[in-house]
Amino acid sequence: MSADMALHQKIISMADLVTPMAVRAAVTLRIADHVGTGQLPLQELARLTATMPRPLEKLLKHLVTLNILSQDGDLYQLTELGAALRRENGRFWPFESLDVEGLMGRTELSAIHLLHTLRTGESVYHGMYGTDLWAHVNEVGNVEDELWSHAVPPGFDIEVVTRHPCWKEARTAVDVGGHTGALAEVLISEYPALRVTVLDLPVFANVAQRRFSAAGTADRATAVGGSFFDPLPEGADVYLLSAILADWDDADAVRLLRNCAQAAGPQGRILLSEVCLSERVRAVDTGMALWLEAVMADPDRTIDDLTALAAEAGLETGRVDEAMTRVALELRVR
Ligand SMILES: C[S@@+](CC[C@H](N)C(=O)[O-])C[C@H]1O[C@@H](n2cnc3c(N)ncnc32)[C@H](O)[C@@H]1O
């Protein structure tokens, strides 16, 4: 092969979309679970996955090339690599995001709209759905069970939020954009005198309410469906904004902070916490940095940026906490 051809080949394979989609199709069709520890012929796999034998055969043969399946005559079986794709009851299954019919998998496919972000500065979801991800999920319907089964505990140095001294005195809090209530659940378990209202779009609030009812904590945690750009419940001690502002441009971020300030009044405070990759991580993991840029309005805000947005919303920054992947700013009305 000539040097030119080799470079050509290298770039083409770097941009390949077929293999990633083949793996995702295999996951979506649960091929590893159907094959299990046995061996199956094409026709049986086509029946089990409700697919057409001719294209399925092409998929299976590509999975053999990828060393996910091996072929013995007419029969297919899992290799050691392919066996890793099987679900085992009760064990965390790390491949959920590869199911292209699931919420997370559909979200990942948004990467094909990267040009939209580059040309407009908007998240890829605007190119894909004409709106932000959360509004889209709220509108598609029938996702509550999926959200319920994917509910994961809060992460990314969440102790910066959960150990914040404001909770010791607080009796009431609104978790603004509190998602499916996982963080609220941690807060009420750690602070017995605290009551939390989760405010999120209706589909997420429904799942949060289901969580509180299932856990028997509905007397201390409630969920309200609505938009955080509309007036918020007033008079709580703390308004928590955790991992929210990165999804919004400066104008919307200030609008949201003003809304929190309005509800908090001079007595309340706002705990603003953002998840952020350090400059060092961004330099090393350029793919992750690009992905975050594609799915968020502004993933790079620094403490100074957040302080400036708060000031524009009439808020004064007090205590600031910083960990490897998260910052928290305590804000009060000036
Ligand atoms: C990145 S998640 C953060 C969830 C949670 N606070 C955390 O720390 O993990 C953003 C949340 O904002 C919610 N959200 C987005 N737009 C909203 C709106 N207009 N009104 C209320 N909630 C909204 C989403 O539904 C989602 O639950």
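## Strands, crossover and selected loop residues

In the hairpin formed by β2 and β3, where 2 residues lie between the strands, G73 adopts a positive phi near 65°. This hairpin is a convenient starting point for a tour of the chain, which is described here from a predicted model. The two strands of the hairpin run antiparallel and are joined by 4 bridges, and D72 stands opposite L75 in β3. Strand β3, which covers residues 75-78, also pairs with β1, again in the antiparallel sense, this time through 2 bridges. In that pairing, Y76 of β3 is the bridge partner of L40.

Taken together, these pairings give an open sheet of 3 strands in the order β1-β3-β2, with antiparallel pairing. The edges are occupied by β1 (40-41) and β2 (69-72); each has a single partner strand, so one side of each is left without a neighbour in the sheet. As a general reminder for anyone inspecting the strands, side chains in a regular strand alternate between the two faces of the sheet.

A parallel arrangement appears further along the chain. Strand β5, residues 195-200, and strand β6, residues 221-225, pair in the parallel sense over 5 bridges. The chain passes from β5 through helix α15 (residues 202-215) to β6, and the resulting β-α-β crossover is right-handed. Within this pair, V196 stands opposite A221 in β6.

Stepping back to the whole chain, the secondary structure comprises 19 helices and 10 strands. The C-alpha trace spans about 75 × 55 × 35 Å along its principal axes. Of the 334 residues, 41% are buried. Among contacts with a separation of 6 or more, 64% are between residues 24 or more positions apart. The accessible surface of the chain amounts to about 17,700 Å², and carbon and sulfur atoms contribute 55% of that area. As for charge, the chain carries 29 positive and 47 negative charges, whose mean positions are 3 Å apart.

Two residues with low accessibility illustrate the buried part of the chain. D99 is located in the loop between α6 (80-83) and α7 (103-108). Its relative accessibility is 10%, so D99 counts as buried, the cut-off being under 20%. Leaving aside residues up to four places away in sequence, D99 touches V27, T28, R30, G105 and R106. Of these partners, G105 and R106 are numbered within the range of α7, residues 103-108. L103 lies in helix α7 itself. With 10% relative accessibility, L103 is likewise counted as buried. With residues up to four places away in sequence left out, the contacts of L103 are V137, V143, E146 and L147. For a sense of distance across the model, the C-alpha atoms of L103 and T172 are separated by 32 Å, with the two residues lying 69 residues apart along the chain.

M296 offers a view of a loop later in the sequence, between α18 (286-295) and α19 (303-312). The C-alpha atoms of M296 and S123 are separated by 5.4 Å, although their positions lie 173 residues apart along the chain when counted as a separation. S123 is also one of the residues that M296 touches; the others, not counting residues up to four places away in sequence, are A246 and D247. M296 has a relative accessible area of 23% and is therefore partly exposed.

Backbone geometry brings two further loop residues into the picture. F156 has a positive phi of about 55° although it is not a glycine. F156 sits in the loop between α11 (144-150) and α12 (159-162). At 56% relative accessibility, F156 counts as exposed, a class that begins over 50%. H179 is another residue other than glycine with a positive phi, near 55°. The loop that holds H179 runs between β4 (172-176) and α14 (182-190). H179 has a relative accessibility of 33% and so counts as partly exposed.

How values were computed
Residues numbered from 1 in each chain as written. Predicted model: local features only at pLDDT ≥ 70, side-chain atom pairs only at ≥ 80, totals over all residues. Heavy atoms only, no water. Buried < 20%, exposed > 50% of the residue type's maximum accessible area, 1.4 Å probe, protein only. Contact = heavy atoms within 4.5 Å. Areas by Shrake-Rupley, 256 points an atom, 1.4 Å probe, with all protein chains shown as cover. Lys, Arg positive; Asp, Glu negative; His and termini not counted. Charge placed at Lys NZ, Arg CZ, Asp CG, Glu CD. Pairing = 2+ DSSP bridges. Right-handed = clockwise from strand over helix to strand, strands pointing away.
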